[in-house]
Amino acid sequence: MDFRSGRRKGEEGIAVVIDFLLTNARLVLGVGGAALLGIATLVVKRLIERAGRASEDEKVEQKMVESWEELASASPTLIGKSLEGVVMKEVAKAAKQQRGTGYTDSQRKLQLCALTLQERLLQFYYTRAQLSPVEVRRVQSLALDICTEIQGFLHTRHPDMPLGEMSLGGSLLDDLEVVRADHACLLVPLQVEASLWRLIPGEETLLTHPLHWMVRRINLEYFPRGRSYWDRFLVGGYLSSEALVNMLSKTVMETMNWPSISSHLDCLVRPVLGGPELSLEIRWVCSGTPPLFISMIPVLREEDVVLTGQPQLTTPWVNAWHLSLYPWETRRLAQLDESDSGCRRNVLKTLKAVCKLNPALRPMPSAPLANLILHLSERESDWSDGSLEVRFQQCITELIGYLEQGALHSYFKPVVNLLGSLSEDQVDQMGFMLYCAMSEPEILLI
């Protein structure tokens, strides 16, 4: 794959687009096959025609927007079948909004030229990726109030259940949430007796999956079943995460007086039932703000190992626990940034916001993005604020390479492929979107 560094303008920029869409057509084709090839060919045709008519100082940004808009209107059926929700709709929408502002062509050109990519990235970070401290405090306060209600209810209903202090966790607590504060995690720490339970790495179990750990009951000959509170959730000699989650679902989600709690907290709180997750939906009273979802996650800790009870991640194994690499990844990124005053976390938040706002990139989980930056940090030493533009473009290039290979291996567990959950169609759409962004990365910041 032939990627060129730096930004290209005019005819040279168009040549880069043509090179990506035709020479590297394998990723463009994918599941869509001939349909995508037809789209790519039409894009090239539009770009060539428009380049021939354009004046010397016409910007590539405007040519790209207009070309994609014509493409979207020229073949709606084809796009609906092959690339629905990908870059064409977003760019076309942005182009229409831009024309609706009433600015003249020259004014729009001045706006496009006013900011460098570095400046646009900073603007995107502070206006789209970074959350308002007021919003964060509001959501954290509400989540902690609900946490207190749940902990008090469990203590009253099951006073003998050995639980640690429930707390907030996840990206909202670690300042890694982006775009809007619409999700929070409540961690429910289980206290298990070290002499009765052993945490077994996934590689040592019959499952052989490095992220699927098991918790085995030991010393039954000296401490028979029933000595531990958690013995009631044993399945085949192992602590079952599914059985535990089912108990919490019935005890908390289906039993607590949510209407009363809603009245007390001045918001509508209701459990999300019918799925494997312990989740609450919160809607603000008299507000058009999108709902907040709070996940309740049982956790087991032993030194630096954190296991989570999330059956949706370990299905179909009812007694498997998920090894969370998130604490290791977050801690490593923070350590690296503290050692050189780097911008790794800012790059990660920018990438997460880009993926969250772009329909084609939305299926991308955050874990591959964090690990991409960790891998890149092994080779690149300059992560100063001034390198934001270079590192952002490098991340796009690296991500295309990983998608092309179909694998991005975990920084801490190399045998784990972090792209394994993506479908072939999702990989095709993301690869196509990122190919377009190689010559004009600004289309990701719309």
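Reader: Which residues are in contact with Ile-150, leaving aside its neighbours within four places in sequence?

Author: With those neighbours set aside, Ile-150 is in contact (heavy atoms within 4.5 Å) with Met-166, Leu-186, Val-252, Met-256, Trp-258, Leu-280 and Met-296. This is a predicted model in which local features need pLDDT of at least 70 and side-chain atom pairs count only at pLDDT 80 or more, while totals for chains, interfaces and linings use all residues. Residues are numbered from 1 along each chain as its sequence is written, and side-chain values use heavy atoms, with hydrogens and water left out.

Reader: What makes Ile-146 and Ile-150 stand out in the largest nonpolar core?

Author: Ile-146 and Ile-150 have the most contacts inside that core, which has 108 residues. The term covers buried Ala, Val, Leu, Ile, Met, Phe, Trp, Tyr and Cys residues joined through side-chain atoms within 4.5 Å. In soluble globular proteins, nonpolar side chains tend to be buried together. Over the chain of 446 residues, 51% count as buried (under 20% relative accessible area, with exposed over 50% and partly exposed in between, for a 1.4 Å probe and protein chains only).

Reader: Why is Glu-281 called buried?

Author: The relative accessible area of Glu-281 is 5%, and since the term requires a value under 20%, Glu-281 qualifies. Glu-281 is found in strand β8, residues 279-284, where strands (E, at least two residues) and helices (H or I, at least four) are DSSP runs numbered from the N terminus. On this scheme the chain has 17 helices and eleven strands.

Reader: Which side chains are joined to that of Glu-281 by a polar contact?

Author: The side chain of Glu-281 is joined to that of Arg-270 at 2.5 Å and to that of Arg-283 at 2.8 Å. Both values satisfy the definition, because a polar contact is a pair of N or O atoms within 3.5 Å, where within protein one must be able to donate a hydrogen and the other to accept it, and residues adjacent in sequence count only if both atoms are side-chain atoms. Leaving aside neighbours within four places in sequence, the residues in contact with Glu-281 include Leu-268, Val-272 and Pro-291.

Reader: How do you know that β8 pairs with β7 and with β9?

Author: Strands pair if DSSP finds at least two bridges between them; β7 (residues 267-272) and β8 have six, in the antiparallel sense, and β8 and β9 (residues 292-302) have four, also antiparallel. Cys-267 stands opposite Trp-284 in β8, whereas Glu-281 stands opposite Phe-293 in β9. The hairpin of β7 and β8 has six residues between the strands, and Gly-274 takes a positive phi near 95° there. As for cover, five of the six residues of β8 are buried.

Reader: Why is strand β4 described as largely enclosed by the rest of the structure?

Author: Strand β4 (residues 212-217) is described in this way because five of its six residues are buried. Strand β4 pairs in the antiparallel sense with β3 (residues 197-200) over four bridges and with β11 (residues 320-323) over three. Trp-197 stands opposite Arg-217 in β4, and His-212 stands opposite His-322 in β11.

Reader: How many aromatic pairs does the structure hold?

Author: The structure holds six aromatic pairs. One of them, Tyr-229 with Phe-233, is tilted, at 6.5 Å centre to centre and 55° between the planes. Rings of Phe, Tyr and Trp (its six-membered ring) pair if their centres lie within 6.5 Å, and planes under 30 degrees apart count as stacked, over 60 as edge-to-face and the rest as tilted. Tyr-229 is buried at 10% relative accessible area, as is Phe-233 at 7%. Tyr-411 and Phe-412 form an edge-to-face pair, at 5.0 Å and 85°, and Phe-412, at 29%, counts as partly exposed.

Reader: How do you know that the structure has zero disulfides?

Author: A disulfide is a pair of cysteine sulfur atoms within 2.5 Å, and a search of the whole structure finds zero. Cys-185 is buried at 13% relative accessible area, and Cys-436 is buried at 5%.

Reader: Why is Gln-426 counted as partly exposed?

Author: Gln-426 has 27% relative accessibility, so this residue falls between the buried and exposed cut-offs. Gln-426 is found in helix α17, residues 424-439, and lies 9.3 Å from Arg-362, C-alpha to C-alpha, although the two are 64 residues apart in sequence.
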